[in-house]
There are 2 protein chains.
Amino acid sequence: MFELSFAEENYLKAIYHLSADGKRQVNTNAIAERLETRPASVSDMIRKLSEKGVVTYVKYQGVNITEVGKKKALWVIRKHRLWEVFLVNKLNFHWDEVHDIAEQLEHIRSSLLISRLDEFLEFPKFDPHGDPIPNAEGIMSSNPMTILSELPIGKTAELVSMKDTGAVFLNYLDRTGLKIGSKINIVDKMEFDGSMEIMVDQDKTMSISKQVSDNLLVITE
Amino acid sequence: MFELSFAEENYLKAIYHLSADGKRQVNTNAIAERLETRPASVSDMIRKLSEKGVVTYVKYQGVNITEVGKKKALWVIRKHRLWEVFLVNKLNFHWDEVHDIAEQLEHIRSSLLISRLDEFLEFPKFDPHGDPIPNAEGIMSSNPMTILSELPIGKTAELVSMKDTGAVFLNYLDRTGLKIGSKINIVDKMEFDGSMEIMVDQDKTMSISKQVSDNLLVITE
DNA sequence: CGGAATTTTTAGATTAACCTAAATTTTTAT
DNA sequence: ATAAAAATTTAGGTTAATCTAAAAATTCCG
């Protein structure tokens with residue numbers, strides 16, 4: 001397997017994201033804008049990427065990412081998102097502080113490193129922004145997120161994001177120990193006020209109000 | 001503060017290591033050999049580094065690293081060694097597998113990341129090879145390492161390296177939970193066979209034979 | 001439809017980091 | 001001390017990734 005330079009990886013990632021929005025053709029200007037480069041630079045790079053077989057390209061008609069290209073892009077995205085989980089869950093960064101550091105870490109080359117990191121983080125499926133993490137084969141969960149308060153008693157779910165991202169709410173969560181990746185088991189629900197009794201990470205139970213469970217986004221397995 | 005490119009950081013690190021062996025002048029060929037580049041490339045880069053003030057340089061007479069250069073080099077070395085500790089202590093890499101990955105990680109730019117990592121690793125003073133980790137000011141422990149078996153009852157020491165690095169011994173250590181960075185308190189020593197009772201990380205006590213304590217290199221605080 | 005506007009590509013430069021080959025300086029050894 | 005050997009620098013070139021300016025293709029719309 002050939003290797004891409006940092007710059008090539010960044011272009012490919014941009015093209016992947018721009019084409020993930022349903023659209024097939026990705027245009028030069030869009031790539032240039034996203035990467036803060038000039039369209040002329042994009043033209044050059046696209047030619048190079050198409051020679052490497054990671055995109056197909058007809059002059060003046062935009063780019064399409066190939067299957068090989070998609071796989072490469074997803075591998076970089078996997079690394080990026082796993083490092084974000086590391087930064088937030090282990091180094092106590094806030095989810096909105098981690099992007100720039102992860103942009104650097106995503107280019108580190110070592111698949112063993114990534115599989116060890118994945119294991120260390122306990123195989124998270126979503127990053128701290130709630131975006132799904134591709135697995136080693138490039139497949140990512142397309143499970144829809146649901147609101148915790150809507151689930152019935154007995155369901156097990158994984159916390160993947162918060163609706164309210166204000167400091168007050170996040171601070172509350174900090175104190176409860178609830179965080180992205182926590183496994184939540186719904187032990188009981190109180191009819192009269194909508195509060196629920198949950199078990200977190202098969203470890204400790206707690207009671208949370210409806211106001212809280214309305215703001216927790218989860219996926220069920 | 002100006003920033004150095006990855007290549008510049010690598011040159012500076014090489015020059016630092018080559019001049020750390022007591023010698024003042026570092027010669028071009030030595031740098032080229034260490035970095036696996038050609039002497040001509042080294043000449044180019046040295047000119048650039050001296051323009052930036054991180055080395056001083058008289059044509060045909062070798063390089064000297066400046067105080068600013070030393071500080072920059074030590075910062076890269078600090079990052080390298082902290083990442084090595086992370087890889088070994090947290091991701092279960094073996095100490096002889098981590099160099100290449102740390103060579104990449106050492107260039108990640110974020111001092112906040114490094115201070116958080118340092119804290120997460122509980123402020124290690126030595127890397128998995130037993131080399132001292134510079135602190136944020138570029139100062140590193142020059143405490144001599146001693147052999148655990150030579151210390152008296154009551155001493156507290158930090159495990160920094162092993163003399164025997166064979167698989168059998170390392171495997172034994174794995175099972176005891178002893179690892180680089182462990183804090184060892186000498187509770188008792190048995191005269192008749194030289195074995196000792198130790199408390200590890202103020203947590204669990206165990207008995208180790210003289211053969212074992214002869215192979216553990218520690219520093220006392 | 002056909003010109004104007006927009007998008008994209010090409011042409012030609014620049015910078016960083018390397019290289020080889022040749023020139024120059026220093027060191028070594030007889 | 002001086003010629004040969006070794007070390008170092010210079011000269012000139014390459015590649016990757018960028019840029020600006022200009023040319024070419026496509027799209028939009030009156």
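**View 1. The protein surface around DNA strand C.** In this predicted model, 20 residues surround DNA strand C, and the closest are Tyr57(A), Lys59(A), Ser5(B), Ser41(B) and Lys48(B); a residue is near a strand if one of its heavy atoms lies within 4 Å of it. Sugar or phosphate accounts for 73% of the atoms of DNA strand C within 4 Å of the protein, and bases for the rest. Both chains take part: helix 2 (28–35) and helix 3 (39–51) of chain A, plus helix 1 (6–20) and helix 3 (39–51) of chain B, each supply at least two residues. Helix 3 of chain B gives the most, with five residues. Here helices are DSSP runs of H or I with at least four residues, numbered from the N terminus.

Residues are numbered from 1 along each chain as its sequence is written, with chains lettered from A and ligands numbered from 1 in the order in which they are written. Local features need pLDDT of at least 70, side-chain atom pairs count only at pLDDT 80 or more, and totals for chains, interfaces and linings use all residues, while side-chain values use heavy atoms, leaving out hydrogens and water.

**View 2. Polar contacts to DNA strand C.** A polar contact is a pair of N or O atoms within 3.5 Å. Zoom in on Ser43(A), where a polar side-chain atom lies 2.6 Å from a phosphate oxygen of DNA strand C. On chain B, a side-chain N or O atom of Ser41(B) is 2.3 Å from a phosphate oxygen of the strand. Asp44(B) reaches a base instead: a side-chain N or O atom is 3.1 Å from a base nitrogen of DNA strand C.

**View 3. Polar contacts to DNA strand D.** The residues closest to DNA strand D are Ser5(A), Ser41(A), Lys48(A), Tyr57(B) and Lys59(B). A polar side-chain atom of Ser5(A) lies 2.4 Å from a phosphate oxygen of this strand, and Ser41(A) has a side-chain N or O atom 2.4 Å from a phosphate oxygen. Arg38(A) uses its backbone, with an N or O atom 3.1 Å from a phosphate oxygen of DNA strand D. Helix 3 of chain A provides the largest share of the surface near this strand, five residues.

**View 4. Chains A and B about their axis.** Chain B can be laid on chain A with an RMSD of 0.1 Å by a turn of 180° and a shift of 0.0 Å along the axis, superposed by least squares on C-alpha atoms of residues with pLDDT of at least 70 in both. That is the relation of a two-fold axis. Look for Leu105(B), which of the residues of chain B comes closest to the rotation axis, at 3.8 Å (C-alpha).

Note on methods: Polar contact = N/O pair within 3.5 Å; in protein donor to acceptor, adjacent residues only side chain to side chain.
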